[in-house]
Every structure is written in structure tokens, then in C-alpha cells.
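Let us walk through this protein step by step, with the model open beside the text. Keep in mind that the model is predicted.

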Amino acid sequence: MSPKSGTSESGSSESGESKLAGQYFDAAIGLLERVRDEEAGAVTAAARAIADTVESGGRLFAFGAGHSSLSAQDIVYRAGGLALMNLLAVPGVVGVDVMPATLGSALERVDGLAGAVLDTSPAKPGDVLVIISLSGRNALPVEMAMNARALGLKVIGVTSVAYASETKSRHVSGTYLKDHCDIVLDSKIAVGDAELTAEGVAAPFGPASSVVTNALLQAMMAAAAGELASRGIDPPMLRSGNVDGGHEWNGRVFTEFGDRIFYRR
């Protein structure tokens, strides 16, 4: 029989630190259950769009800035993932490796950067671009979506729709990422991205956007693989390089689909 909430197995009261850890897990699980139930239709639609593009010989791209870029990278070149997903990288906003880290945030607000990136990318009409932005309010993700659709790409946005009603857009149009997507996956993250509060901690804490966004994206990719299989198409998946035969398997995938894989060039 498991111990009651708030006590350890020895019967002593659970520490404040342990309670907060448990509360964070509960909050994350609650959000995951919510997006599973409420975003099922959007996930299915996104998966079908990806499968359509793969079937027609198109290419797949993912973009995010700052911590959202980490979620984009999570579906690119990884074991168990679809080999055809490529990272659309914008120098300076791919993560927190740029110094100072605040420069990446500043670049998200620069007008015109998205157009320059797309114009020099291999993306073409009929391809899919997944754009990840928690707030969806900065110029870069908004313009990335606008320019991508103008070029004939299908845009899948992963964002928190709540920001559109509780914050002000930083794009000159006054619009948000969600307004320029063919399909929107709503992460349900509350404005501020902090799930916990506690006495002695001045600011809310415990961000859950990465947990939920990564899960949404992986659910989308899993559904896309299943959709391709249902059409009689063997989806080009990658195996782990740390299992026997993994490198050989991946080498064959890279050879067969090299014209649609850009992270090896």
C-alpha cells in the first residue's frame, strides 16, 4: 500500500521541497492530460499534414527561438524520430549558447529576419514548417509563419493560445503566431509559464512549457508515423546509434532520403 500524500514511508511529514517536487509533477501531468484530451483533433490534423507531405515527396522543417528551439531540436535527428524533419535555424536564437543570452530574446523582436532566413533556406511550396513559440507574440515567429504561408508552405503552430488574449502582440500587425497557421496545437500553458508558488519564493516558478510542448510534438510525430503506415508507406524512422545495427540502419535511411535531409550537409 502506498504512503499517504504528505508523509514519507517512515511516517514522517514530507518536506516542503518534496511537496513542491510532487506538485510540479502533478501540474505537468495535469497539463499533459489536458492537451491529450483537448488537442487530439489538432494533433491528428497535423499528423495527416506531415504524412501528406512525406507521401508527396516534400520536406519537413521545424523552427523555434530560445527555449522553444530546444523543442524544435527534439524532433530533429533523434532515435525513434522521423528522419525527414529538419531544423530551420536562425543564427543567434537557436538556444541559450549565444552570449549574452539576452541577445537571443532581442533578436526575436527584429523585423525582417524571418524573411531573410526563409529566402535562403531549402524550403519550397508544399513543404511543412512547424513553428514553436510559447507566447507567439514576438515578430520572429509571427513573420516566419506569414512568410512561410506566402511561399506556399503549410504551417503548424505550437503555442499557448492564452497569450493572445492576455498579452499585447509585439508584431506591427498586432497579430500572433496562431493567426497565421494552418493548424494550431495549443499547449495550454498559462501566461508566465510558472506552475508553482511558495512562501519564501518571490516569483512564480516551475515552468512546464518544455515538458508539454515536447510531448505534443512527439505525439504529432508518432501519429504521423502511424498515418504513413496506414497508407502502406514505411515511414523513414531513425534508430539509436547505441544499439547494434543502428548506424547501418540510419546510413541506409540517409542514402535513400538524402534529397530531403539537410542536417547532414
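A good place to begin is helix H2, residues 40–55, which lies across E1, E3, strand E4 (154–159) and E5, and which runs at about 135° to E5. Helix H6, made of residues 139–150, also packs on the sheet, where it touches E1, E3 and E4, and its direction makes about 165° with that of E3.

The sheet on which these helices rest can now be traced strand by strand. In general, the strands of a sheet pair through backbone hydrogen bonds, either parallel or antiparallel. Here the sheet is open and has 5 strands, in the order E2-E1-E3-E4-E5, with parallel pairing. Strand E2 (85–87) and strand E5 (183–186) stand at the edges with a single partner strand each, so one side of each is left without a neighbour in the sheet. From one strand to the next, the twist averages 20°.

Looking further inside the sheet, you can follow strand E1, residues 60–64, which runs parallel to strand E3, residues 128–132, and is joined to E3 by 5 bridges. One residue to find is Gly64, whose bridge partner in E3 is Ile132.

Finally, turn to helix H8, which spans residues 209–230 and has 22 residues, reaching 31 Å from its first C-alpha to its last, close to the 32 Å expected at 1.5 Å a residue. An α-helix has 3.6 residues a turn, so residues three or four places apart point the same way. With that in mind, look at the buried residues of H8, among them Val212, Leu216, Met220 and Ala224. After H8 comes Gly232, whose phi is positive, near 80°.

Notes:
Residues numbered from 1 in each chain as written. Predicted model: local features only at pLDDT ≥ 70, side-chain atom pairs only at ≥ 80, totals over all residues. Heavy atoms only, no water. Helix = DSSP H or I, 4+ residues; strand = E, 2+ residues; numbered from the N terminus. Expected span 1.5 Å × (residues − 1). Buried < 20%, exposed > 50% of the residue type's maximum accessible area, 1.4 Å probe, protein only. Pairing = 2+ DSSP bridges. Axes fitted to C-alpha atoms, helices over the stretch in contact; angles between N-to-C directions. Contact = heavy atoms within 4.5 Å.
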